[in-house]
Protein chains: 2
Amino acid sequence: MPRSFGHIAGQPVGSTYGSRKEVRDAGVHLPLIAGISGTAAEGTDSIVVSGGYPDDEDYGDVIVYTGHGGRDANTGKQIRDQEISAPGNAGLLRSHLDGLPVRVVRGAHKDSPHAPNVGYRYDGLYQVDSYAAKVGIEGYRIWRFTLTKLKDEQISTPPAVAPQAVVHPRVANPAPVLTTTVQRLVRNSSVVQHVKAWHEHQCQVCGLAIQVATGFYSEGAHIRGLGQPHHGPDVEENVLCLCPNDHVRFDNGAIYLTDDLKVIDALTGVTIAALRVHPLHQINVTYVAYHRAQWTVGTPRNEP
Amino acid sequence: MPRSFGHIAGQPVGSTYGSRKEVRDAGVHLPLIAGISGTAAEGTDSIVVSGGYPDDEDYGDVIVYTGHGGRDANTGKQIRDQEISAPGNAGLLRSHLDGLPVRVVRGAHKDSPHAPNVGYRYDGLYQVDSYAAKVGIEGYRIWRFTLTKLKDEQISTPPAVAPQAVVHPRVANPAPVLTTTVQRLVRNSSVVQHVKAWHEHQCQVCGLAIQVATGFYSEGAHIRGLGQPHHGPDVEENVLCLCPNDHVRFDNGAIYLTDDLKVIDALTGVTIAALRVHPLHQINVTYVAYHRAQWTVGTPRNEP
């Protein structure tokens with residue numbers, strides 16, 4: 001059976017369950033033990049937020065969720081770095097890349113005011129807005145995924161086919177769930193406008209300015225992200241002018257910057273370009289270092 | 001004074017005015033006659049929807065708005081093609097490309113149930129979701145801009161600077177309005193997932209698959225757009241797998257396809273590639289022709 005994304009019929013948001021077995025029987029979260037349901041290839045369809053991860057942050061509509069791996073089976077303590085290639089982590093990354101909705105189940109625990117008092121509760125669909133690594137409270141690299149609750153209008157079945165549209169028979173396996181969602185948010189502001197104007201929409205990584213009709217298109221990329229959990233500021237020193245492709249690469253750590261503004265390919269470690277600069281556009285290397293640290297967290301810092 | 005984008009202080013949504021002069025004095029829409037306020041360089045800050053354009057469609061939260069130009073000054077009838085380079089049209093295109101919010105004022109007229117009974121009303125901020133050309137009811141090319149009302153949560157001032165963030169003095173002219181908005185929506189569905197899987201995230205135009213960590217990123221591009229005014233279906237035959245850059249180009253008509261699936265650069269008319277195909281991925285040329293017609297509308301079709 002293909003993995004089911006989206007709401008499960010008969011299980012409205014707010015449904016409660018006495019045990020993980022009941023959650024499983026309802027089809028809301030299938031694994032009985034694991035907190036993350038999913039694979040690298042399919043994506044993650046559901047998670048359980050049930051405490052015990054000291055780096056988790058639960059703000060209700062925003063959850064900063066710790067990935068899995070590297071914990072001692074007996075003590076539950078972090079004893080090794082987490083890997084992004086671990087199935088649950090790679091599944092959350094796939095859900096991020098493809099804009100797949102993730103069912104969130106909260107279990108009773110003391111760390112969050114948003115948790116139920118007893119048992120488990122289905123709290124609706126979230127999207128994986130971003131992810132990043134950091135050295136966690138226990139001294140090892142952890143991956144953290146920021147999930148934001150989807151509003152009802154972001155979840156819809158596709159529009160009906162217009163009468164004049166000729167639809168050929170489907171050639172693929174039928175879709176298990178038809179969920180339409182908002183995937184990629186590009187925030188804009190006057191600050192972003194300044195940066196784009198300085199660079200005349202030329203990508204600071206590759207030099208491309210996408211031309212359409214009478215104008216050019218570019219995107220403002222915040223170096224240290226806005227909002228939870230990064231709290232970066234919307235100031236010119238924290239914004240790059242990028243083409244959409246390099247924006248995706250930058251936001252996902254496929255490229256990062258050195259303090260002297262060289263562009264590094266994270267997969268190979270090779271310098272691929274010098275960042276294009278403009279005399280009026282100061283870039284604050286504090287933010288550059290913050291971004292880089294998310295993607296270059298290596299050996300545990302408290303090891304001998 | 002720089003052009004002001006976003007709400008005007010003291011003019012809440014729903015404010016009414018007896019005349020265009022009152023609308024102007026309130027700072028909501030400055031031109032006394034023109035329906036579009038803006039320039040190619042700055043973008044469009046406001047429009048007036050007041051009837052008289054037979055191709056306008058007003059659905060309340062969605063407006064399909066006709067551009068300007070080519071009308072007889074005496075009769076008001078369309079006598080020539082509209083040009084995308086006309087200031088108001090180029091301004092709306094810039095607002096689309098930069099995600100700038102547009103103030104919408106409705107004037108009393110009989111064509112729309114959403115118009116006020118008398119005078120003018122400020123109806124809030126809209127974003128320019130898309131634009132396209134077509135041969136209008138009067139037989140000449142018109143440009144049409146689809147505007148969607150922004151929800152309050154899409155309009156916000158930037159987050160406060162975190163205490164630990166070091167902010168250098170601003171190097172640019174101060175921002176007239178700090179508006180953060182949602183700019184670029186990439187819709188996702190099971191149909192899109194199929195298409196991406198067939199192409200293994202390789203862009204059907206340029207062959208690039210953007211690699212991040214453990215996976216690849218691509219976007220599903222609907223050939224005939226979803227929703228107003230295109231009503232394209234969410235079926236595999238209507239979806240391409242594209243990199244973000246080519247998605248922007250395709251959605252803005254900088255590239256289009258021939259019926260034998262050659263990729264044409266709209267600026268030069270030159271064939272730049274053969275579309276990459278997959279044996280399981282049928283593409284319906286009805287949708288290809290629909291998309292192409294939006295960007296290649298030339299000589300009026302009812303001319304001798």
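# Why the labels fit

Reader: Which residue of β16(B) stands opposite B:Leu257?

Author: That's B:Val263. Before we go on, this is a predicted model, where local features need pLDDT of at least 70 and side-chain atom pairs count only at pLDDT 80 or more, while totals for chains, interfaces and linings use all residues. Residues are numbered from 1 along each chain as its sequence is written, chains are lettered from A and ligands numbered from 1 in the order in which they are written, and side-chain values use heavy atoms, with hydrogens and water left out.

Reader: What makes β15(B) and β16 of chain B a pair?

Author: Two strands pair if DSSP finds at least two bridges between them. β15(B) and β16 (residues 262-265) have 3 bridges, in the antiparallel sense, so they pass that test. As for the names, helices (H or I, at least four residues) and strands (E, at least two) are DSSP runs, numbered from the N terminus.

Reader: Why are β15 and β17 of chain B called edge strands?

Author: The open sheet has 3 strands in the order β15-β16-β17 (chain B), paired antiparallel. β15 (255-257) and β17 (271-274) each pair on one side only. Neighbouring strands of the sheet are turned by 30 degrees against each other on average, direction ignored; axes are lines fitted to C-alpha atoms (for helices, over the stretch in contact), and angles run from 0 to 180 degrees between N-to-C directions.

Reader: How many disulfides does the structure hold?

Author: There are 0 over all chains. A disulfide is a covalent bond between the sulfur atoms of two cysteines, and the cut-off here is a pair of cysteine sulfur atoms within 2.5 Å.

Reader: Why is B:Cys206 not bonded to B:Cys203?

Author: The sulfur of B:Cys203 is the closest cysteine sulfur to that of B:Cys206, but at 3.7 Å it is too far for a bond. A:Cys241 misses out too, because its closest cysteine sulfur, in A:Cys203, is 7.0 Å away.

Reader: Is A:Cys241 buried or exposed?

Author: Buried means under 20% relative accessible area, exposed over 50%, and partly exposed in between (1.4 Å probe, protein chains only). A:Cys241 has 0% relative accessibility, so it counts as buried. B:Cys206, at 38%, counts as partly exposed.

Reader: What makes helix α4 of chain B largely enclosed by the rest of the structure?

Author: In this helix (residues 244-251), 7 of the 8 residues are buried, so the label follows. Among them are B:Pro244, B:His247 and B:Phe250. After α4(B) comes B:Gly253, with a positive phi near 75 degrees.

Reader: Why does B:His199 count as buried?

Author: Its relative accessibility is 7%, so it counts as buried. B:His199 lies in helix α3 (residues 190-199) of chain B. Its contacts (heavy atoms within 4.5 Å), leaving aside neighbours within four places in sequence, include B:Cys241, B:Arg276 and B:His281.

Reader: What joins the side chains of B:His199 and B:Gln204?

Author: A polar contact of 3.4 Å does. The term needs a pair of N or O atoms within 3.5 Å; within protein, one must be able to donate a hydrogen and the other to accept it, and residues adjacent in sequence count only if both atoms are side-chain atoms.

Reader: Where in chain A does pLDDT stay under 50?

Author: pLDDT is the predictor's confidence in each residue, from 0 to 100. It stays under 50 over residues 158-178 of chain A, and also over residues 299-304 of chain A. Where pLDDT is low, the predicted coordinates should not be read in detail. Chain A has a mean of 86, with 87% of its residues at 70 or more.
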